[in-house]
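Biologist: Could you take a close look at one single part of this chain with me, slowly enough for a first-year student to follow? I would like to begin with one residue and its neighbours, and then step back to the whole.

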Amino acid sequence: MASALSACVLPPPPAPPQRSFGAPDGPPSITRLVPLPRQLSESPGQLELEPAVRIVADGSLSAIAEALARVLRRSTGFELPIVAPPARDGDIELALAADLASLGDEGYQLDVGDRVSLRAAKPAGLLYGTMTLRQLFPPEIEALSRQAHTAWRVTHVHIEDSPRYSWRGLTIDVARHFFGVDEIKRLIELSAYHKLNRLHLHLTDDQGWRIEIKSWPKLTSVGGSTQTGGGGGGFYTQEQYKDLVAFADAHYVTLIPELDMPGHVQAALTSYGELNVDGQPQAAYMGTDVGFSTLVFGDPDTLRFVDDALGEVAALTTGPYLHIGGDEAKATRPTDYRTFLKRVGDMVRRHGKTAVGWCEAGEAELPPGSLLQDWHDGCGGSAVGAKNGMRVIASPAKHAYLDMMYTPETAHGQKWAGFVELAPAYEWQPVVPGVPDAAIVGIESALWTEDIAKRADADYMLFPRLAGHAELAWTGAVHNFAEYRLRLAHHGKRLSALGVGFYRSPQVDWER
Ligand code: TNX
């Protein structure tokens, strides 16, 4: 236990950290946290949860209180009733606090002393505060069954925290291989646990169409029945998709649907002959090539199809964004590409949403305020787009593509952007050539699934790299891999308790 007040402070963004976390004299609580909070100080003393502990929160916060209670009840075996204020010593108190508005909508303040007091201006901040609180306990707190011999102690601590970037996301390709509702819900929980707030579902590609469009039912009855390498495919009904949106909303994760166009559309061309020049449905595609399919331009059927599909997906979407793809449209003539995406951007606006496109789409005139997802050093479009008022999300393949193999020995995945071990996944900055820092809204990792068909393989590729990306997005670049790997060793115990089968990189001493 620290004998004197010890503190670690991260200055506000974008300045670099003044001192490194995890220095030998750093507060021990720090070694438990991924992502790091902006500011933490410890003082002497510890709080131990007693069986009589209660969660004190007013009714409007019951969902967040209940989510925390569920986790703590399982492992502690305590009853953990949720009661209205006032709190007494020994309790965990959650409260909204207007005086914390300076920490923003996602920031929070967490004090552990004679009781736990978690305060935030907005509910999202409280949710993130509960994630930090969970990490301050021993890792067994995440266990699914009662851990009888663990003392649930937390060192007295004061934390003030808020995110560096507003966009902290993950792309999951459910088109190449389909991942069902329960798998996506689990990823939403794991995203929120790491303080991520965007989940982008790549719903359509050459190999499959994964979202029911009632006005074009063959998109799923035909286009949803295939996937890479053959096999059954699958899709979300609109009811299932609504359920996913509600689940994501409850975790303060914005679900972003992507309908990729004008390339990556073979599944649509397979479903409807009228989308093709010759009026005939095309053959299903189950390989791994990209850039060979394209929609036909200027054709009224095509435009009606795009508008109907965007309209139905917009109606299912509570968040502000629709992703329209725009990547690798190598079979589309450049002028057609620009004309088409401009029209699609206008449709998105008409449906009341903000367009997001892959960086190539910066070449097209999307509405101001649209976003570009940059997957490799500008890819031509990001700088142009930024000049035209677009904002940029950094997803550089060589750091953030989680389908890249860790090493030549990794059993699944690709290597076109290089091998991505834990250090290169962690040590980078979200900068894009020609794009001013102020136009960069954050980071999004991506898991493409040409070669990833099972939850266990997805876990292995996502974790623990996603934790490093989450830290970059939440804390900003801390970049002391030697220190990070110590925290990651601890985090690995939490991931295991959460049932995540992650890659045990030799860069980390997991047994520490
Ligand atoms: C590139 S980067 C793609 C995807 C592939 C991925 C495989 C981008 C926007 N498109 O279509 O699945 O590489 O790593």
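Modeller: Glu471 touches a set of residues from several parts of the sequence, and, leaving aside those up to four places away, these are Leu33, Val34, Pro35, Leu36, Tyr426, Gly476, Val478, Tyr484 and Arg487. One of these neighbours, Leu36, can be described more precisely, since its backbone nitrogen lies 3.1 Å from a polar atom of the Glu471 side chain. This is a predicted model, and every distance here is computed from it. Glu471 has a relative accessibility of 1%, and because buried means under 20%, Glu471 counts as buried.

The element that holds Glu471 is helix 13, which runs over residues 465–475. Helix 13 is mostly covered, with 11 of its 11 residues buried, and among them are Arg465, His469, Glu471 and Trp474. As a general point to keep in mind when looking at the picture, an α-helix has 3.6 residues a turn, so residues three or four places apart point the same way. Just after helix 13 comes Gly476, whose phi is positive, near 90°, and Gly476 is also one of the residues that Glu471 touches.

From helix 13 one can move on to another element by way of His469, which is buried in helix 13 and is also among the residues touched by Ala400. Ala400 is found in helix 10, which covers residues 397–400, and with a relative accessible area of 0% Ala400 is buried. Besides His469, and again not counting residues up to four places away in sequence, Ala400 touches Ser395, Trp428, Glu444, Ser445 and Ala446. For a sense of distance, Ala400 and Pro81 are 319 residues apart in sequence, and their C-alpha atoms are 41 Å apart in space.

Stepping back, helices 10 and 13 belong to a protein chain with 14 helices and 18 strands, in which 60% of the 512 residues count as buried. Contacts between residues 24 or more positions apart make up 72% of those with a separation of 6 or more. The C-alpha trace spans about 80 × 45 × 40 Å along its principal axes, while the radius of gyration is 23 Å, which agrees with the value near 24 Å that a compact globule of 512 residues would have. On the outside, the protein chain exposes about 18,800 Å², of which carbon and sulfur atoms supply 53%.

Terms used. Residues are numbered from 1 along each chain as its sequence is written. This is a predicted model: local features need pLDDT of at least 70, side-chain atom pairs count only at pLDDT 80 or more; totals for chains, interfaces and linings use all residues. Side-chain values use heavy atoms; hydrogens and water are left out. Helices (H or I, at least four residues) and strands (E, at least two) are DSSP runs, numbered from the N terminus. The radius of gyration is taken over C-alpha atoms; the globule rule is 2.2 Å times the number of residues to the power 0.38. Buried means under 20% relative accessible area, exposed over 50%, partly exposed in between (1.4 Å probe, protein chains only). Contact means heavy atoms within 4.5 Å. Accessible areas come from the Shrake-Rupley method with a 1.4 Å probe; for residues, only the protein chains shown count as cover. A polar contact is a pair of N or O atoms within 3.5 Å; within protein, one must be able to donate a hydrogen and the other to accept it, and residues adjacent in sequence count only if both atoms are side-chain atoms.
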